[in-house]
Amino acid sequence: MSGNANAARWTSGRFLGPVAVLIAGVALSVTLFTYVRDDQQHDARLRFDRQAADAKHIIDRRLQSYIGVTYGLKALFAARDSVDRAEFHGFVDSLNLGKDYPGIMQLNFARHVRPAEKERFEQEVRNDRTLDPRGYPGFAIRPPGSRAAYHVLVYVEPWEGNEFAFGIDVIAAAPQAAAVSRQRDRGEIVSSGRLLNVGKDGSVGLAMRLAVYRKGARLDTVEARRAAFIGTVGAGFNVRKVMAGVLDETTMTSMRYRLYDAGPVAGGENVPRSLLFDSAQTAPGMPLDDFRLLGDAPRFDAVVPLEFAGRHWDLHFIAPQ
């Protein structure tokens, strides 16, 4: 009996040893795999966060260059007692918009006109032959009617394709009048944050405006700015043309990103966050804010804030794990 028991114990130990080693090896392999997987995911997350920060910097730099064009227009008026149509045209022509700022659809100057100045102003524009020897004999402020003040798009560049804007009173509606008043009082560049139809193909765009004051005037108080106010310069740009391809020449081409407007920096406007741009959208038109289109595959995502023309914007970056 004892011999048989010893043999059984020997046989059991002979097999249990390798099984224990196998179990330990499997456990160690699983632990090592989990560690390596988690470590790789951690490294991938760090790379994603770093690339999102780099992408935000690239996008912000491009947006600031477009804001710089509007400030350049303001500087043009600040350097002269008056700027005529030919000077405005020459300045815009020197910017080489098609090559250096392909997203800009229109640059303009809107002159602030008091009711007592309306007739004289319209006649002055009709007789303006600095660019067109025929002048603009049919010019009239649009829409017609008597109002407390007018803010009229009088210089528009490029002219071709933007003729429709010539003569529009941008403060004919109360919300726009309030916005221009804020721009006048604050002296800061402002965008409405709302997408506008800017092309026959359904393209959408944004507009921003900046107050212009009389040369050499004091601007240190709200009252002084109101007294020196002569108008605003504005820029309208195609969002897709500004944003599309901004990351194409980087290592971040696998990223998808969305741009949202999250409301004014100054507050006081309760608006829902709205989608301005989706890098995955290939057709013109309003971007579709539908996250179901992203699929269910595991992904990294990050939301990075930035400011643009008085607005809070959010950049939402997405990349497959």
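Aspartate 314 sits in strand E10, which covers residues 311-320. Before going on, I should say that this is a predicted model. Is aspartate 314 buried or exposed? Its relative accessible area is 17%, and buried means under 20%, so aspartate 314 counts as buried. Setting aside neighbours within four places in sequence, its contacts are Arg258, Leu259, Tyr260, Ala262, Arg273, Val303, Val304 and Pro305.

The strand around this residue fits that picture. Eight of the 10 residues of E10 are buried, so the rest of the structure largely encloses this strand.

Now the sheet. Which strands make it up, and in what order? There are four, in the order E8-E7-E10-E9, and the sheet is open with antiparallel pairing. E8 and E9, the latter being residues 299-308, are the edge strands; each has a single partner strand, so one side of each lacks a neighbour in the sheet. From one strand to the next, the twist averages 25 degrees.

I will take the pairings one at a time. E7, residues 256-264, is joined to E8 by four bridges, and the two run antiparallel. E7 is also joined to E10, by seven bridges, again antiparallel. Arginine 258 appears in both pairings: it stands opposite aspartate 278 in E8, and opposite histidine 316 in E10.

On the other side, E9 and E10 pair over 10 bridges in the antiparallel sense. Within that pairing, leucine 306 is opposite tryptophan 313 in E10. E9 and E10 form a hairpin with two residues between the strands, and in this hairpin alanine 309 takes a positive phi near 50 degrees.

Next, the edge strand E8. Leucine 275 belongs to this strand, which spans residues 274-278. Leucine 275 has a relative accessible area of 9% and is buried. Beyond its neighbours within four places in sequence, leucine 275 is in contact with several residues, among them Leu195, Arg258, Tyr260 and Pro287. As for distances, leucine 275 and alanine 262 are 13 residues apart in sequence, and their C-alpha atoms are 9.0 Å apart in space.

One side-chain arrangement also involves tyrosine 260. Arginine 273 lies over the face of that ring, 3.6 Å from the ring centre.

That brings me to the aromatic residues. How many aromatic pairs does the structure hold? The count is 17. Take phenylalanine 77 and phenylalanine 88: their ring centres are 6.4 Å apart and their planes are at 55 degrees, so this pair is tilted. Phenylalanine 77 is in helix H1, residues 2-78, and phenylalanine 88 is in helix H2, residues 85-94, so the pair ties together parts that are 11 residues apart in sequence. Phenylalanine 77 counts as buried at 5% relative accessibility, and phenylalanine 88 is buried at 1%. Ring pairs also link Tyr66, Tyr101, Phe237, Phe308 and Trp313 into a cluster.

Last, the chain as a whole. The protein chain has seven helices and 10 strands. Of its 321 residues, 39% count as buried. Its accessible surface comes to about 17900 Å², with 56% of that belonging to carbon and sulfur atoms. Among contacts between residues at least 6 apart in sequence, 64% join residues at least 24 apart.

To return to the start: aspartate 314 is a buried residue, and its strand, E10, pairs with E7 and with E9.

Methods:
Residues numbered from 1 in each chain as written. Predicted model: local features only at pLDDT ≥ 70, side-chain atom pairs only at ≥ 80, totals over all residues. Heavy atoms only, no water. Phe/Tyr/Trp six-rings, centres within 6.5 Å; stacked < 30°, edge-to-face > 60°. Buried < 20%, exposed > 50% of the residue type's maximum accessible area, 1.4 Å probe, protein only. Lys NZ or Arg CZ within 6 Å of the ring centre and 35° of its normal. Contact = heavy atoms within 4.5 Å. Areas by Shrake-Rupley, 256 points an atom, 1.4 Å probe, with all protein chains shown as cover. Pairing = 2+ DSSP bridges. Axes fitted to C-alpha atoms, helices over the stretch in contact; angles between N-to-C directions.
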